[in-house]
Amino acid sequence: MVGSGEFQFINCTASCTDPKRLVLETALNKTLLESQAQWKLFKVYNISKDEELLCSSTCGGKQETKVFHITVFYPPKQVLLTLSPTSVAVGTLFTIECRVPVVAPLEGLTVTLLRGTDILCNQTFVGTALSPQDAVVTHNSTAHREDSLYNSSCEAQMDMRSWSGGLVHRVSDPQRLEVKEPEPNKQMLIIIVIVRVLLLLFVTFVLLCFVFTQRWRHHWSHPFMENRWGKQWKQ
C-alpha cells in the first residue's frame, strides 16, 4: 500500500550470485539507489494508481520474474465539519456533518464527532472499494444551553496496519454552536395582550360602578333630599 503521489522502495534480488541481467520493469519513474552483483535497490515515485512491477533476472540462461503489486490508497488529508444551522434556539434540532474528501479504501476508516471531549457519534466504515470517494457522517441533535460552551470537532483515522501500513490521523477545525433562548410564540403573545386589555377594561368598569354608586348614595343621603323625601311621604 502506497499513499497517492508517494514513493516506494523495490529490491530486486536474483536467485543466482552472478545474474547476467537484473532489471525492474515499470512505467513509473525510478531511480537506482544501490546495487550489488545479486541485487539492486530502486526507488519508484509519483505513484498515482495501482501498479504491477516486474523484477526480471537471467540466471544460467533461464529468465526469472517476480511480480510486485502496488495498491494506491488515499489517506484523509482534510476533515470538514459543518453545523447546520450555526445558530439555533434552545430545544431546536440541528445537524452536525463531517466530510472526509477523497479517501480510499473506506475499510479501516473511523470518523468520530466530538462535543468538547465527549463522543457524540463514532462510525467505522466497511467495504473493500478501493476507488477514492467522500466519507460522510451526520448526527442530529437537540440544542441545549450548554452546547454553546463547547467546541464541536471531527476526527478521522485510517488504520492501514492490516495492509502493512500505519495510522493516519486528521482533525477538523473546531466550531461552536450559537444557542439562543427560544422566541415567544406570536399568537400566544397576542392572546396575552388581549387578555390584559380586557382585564384592564373590566377593572375600570368595576371602579366606575363603585364611584357612581358612592356618589348616588351621597346624593340621596343629603339632609335636603331626606326632608323632601319625608314630606312627600307625609302627604
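This passage walks through the nonpolar cores, cysteines and salt bridges of the structure.

The model is predicted, so local features were kept at pLDDT of at least 70 and side-chain atom pairs at pLDDT 80 or more, while totals for chains, interfaces and linings draw on all residues. Residues are numbered from 1 along each chain as its sequence is written, and side-chain values use heavy atoms, with hydrogens and water left out.

The interior is a good place to start. In soluble globular proteins, nonpolar side chains tend to be buried together. A nonpolar core here is a set of buried Ala, Val, Leu, Ile, Met, Phe, Trp, Tyr and Cys residues joined through side-chain atoms within 4.5 Å; buried means under 20% relative accessible area, exposed over 50%, and partly exposed in between, using a 1.4 Å probe and protein chains only. The largest such core has 26 residues, and Leu-109, Val-111 and Leu-113 touch the most other members. Two or more residues each come from strands S9 (80-84), S11 (93-103), S12 (109-115), S14 (133-142) and S15 (151-159). Of these, S11 gives the largest share, five residues. Strands (E, at least two residues) and helices (H or I, at least four) are DSSP runs, numbered from the N terminus. A separate core of 16 residues includes Ile-10, Cys-16, Leu-24 and Val-44.

Val-111 shows what the surroundings look like in the largest core. Contact means heavy atoms within 4.5 Å. Beyond its neighbours within four places in sequence, Val-111 is in contact with Cys-98, Val-100, Cys-121, Asn-122, Gln-123, Phe-125, Val-137, Cys-154 and Glu-155.

Next come the cysteines. A disulfide is a covalent bond between the sulfur atoms of two cysteines, taken here as a pair of sulfur atoms within 2.5 Å. The structure holds three of them. Counting bonded cysteines along the chain, the pattern is 1-3, 2-4, 5-6. One disulfide joins Cys-12 to Cys-55, S to S 2.3 Å. Cys-12 sits in strand S2 (residues 6-13) and Cys-55 in strand S6 (residues 51-59), so this link ties together parts that are 43 residues apart in sequence. Cys-12 is buried at a relative accessible area of 0%, and Cys-55 is buried at 5%.

Another disulfide pairs Cys-16 with Cys-59, with the sulfur atoms 2.0 Å apart. The link of Cys-16 and Cys-59 is left-handed, at -75 degrees about the S-S bond. Cys-16 belongs to the loop between S2 and strand S3 (21-25), whereas Cys-59 is in S6, so the pair bridges parts that are 43 residues apart in sequence. Both Cys-16 and Cys-59 are buried. Also in S6 is Thr-58, which counts as buried at 17% relative accessibility. Not counting neighbours within four places in sequence, Thr-58 is in contact with Cys-16, Pro-19, Lys-20, Arg-21 and Gln-63.

Cys-98 and Cys-154 form a disulfide too, their sulfur atoms 1.9 Å apart. Their link is left-handed, with -85 degrees about the S-S bond. Since Cys-98 lies in S11 and Cys-154 in S15, the pair ties together parts that are 56 residues apart in sequence. Cys-98 is buried at 1% relative accessible area, and Cys-154 is buried at 0%. The sulfur of Cys-121, by contrast, is 9.1 Å from the closest cysteine sulfur, that of Cys-154, which is too far for a bond. Cys-121 is nonetheless buried, at 18% relative accessibility, while Cys-209 is partly exposed at 33%.

That leaves the charged pairs. A salt bridge is a side-chain nitrogen of Lys or Arg within 4 Å of a carboxyl oxygen of Asp or Glu, and a search of the whole structure finds seven. In one of them, the side chains of Arg-115 and Asp-147 meet at 2.6 Å, N to O. Arg-115 is in S12 and Asp-147 in the loop between S14 and S15, so the bridge connects parts that are 32 residues apart in sequence. Both Arg-115 and Asp-147 are buried. Arg-145 pairs with Glu-181 at 2.9 Å, N to O. Glu-181 is partly exposed, with a relative accessible area of 49%. The side chains of Arg-21 and Glu-25 meet at 3.6 Å, N to O; Arg-21 is partly exposed at 35%, as is Glu-25 at 32%. Finally, Glu-97, Arg-99 and Asp-134 are linked in a network of salt bridges.
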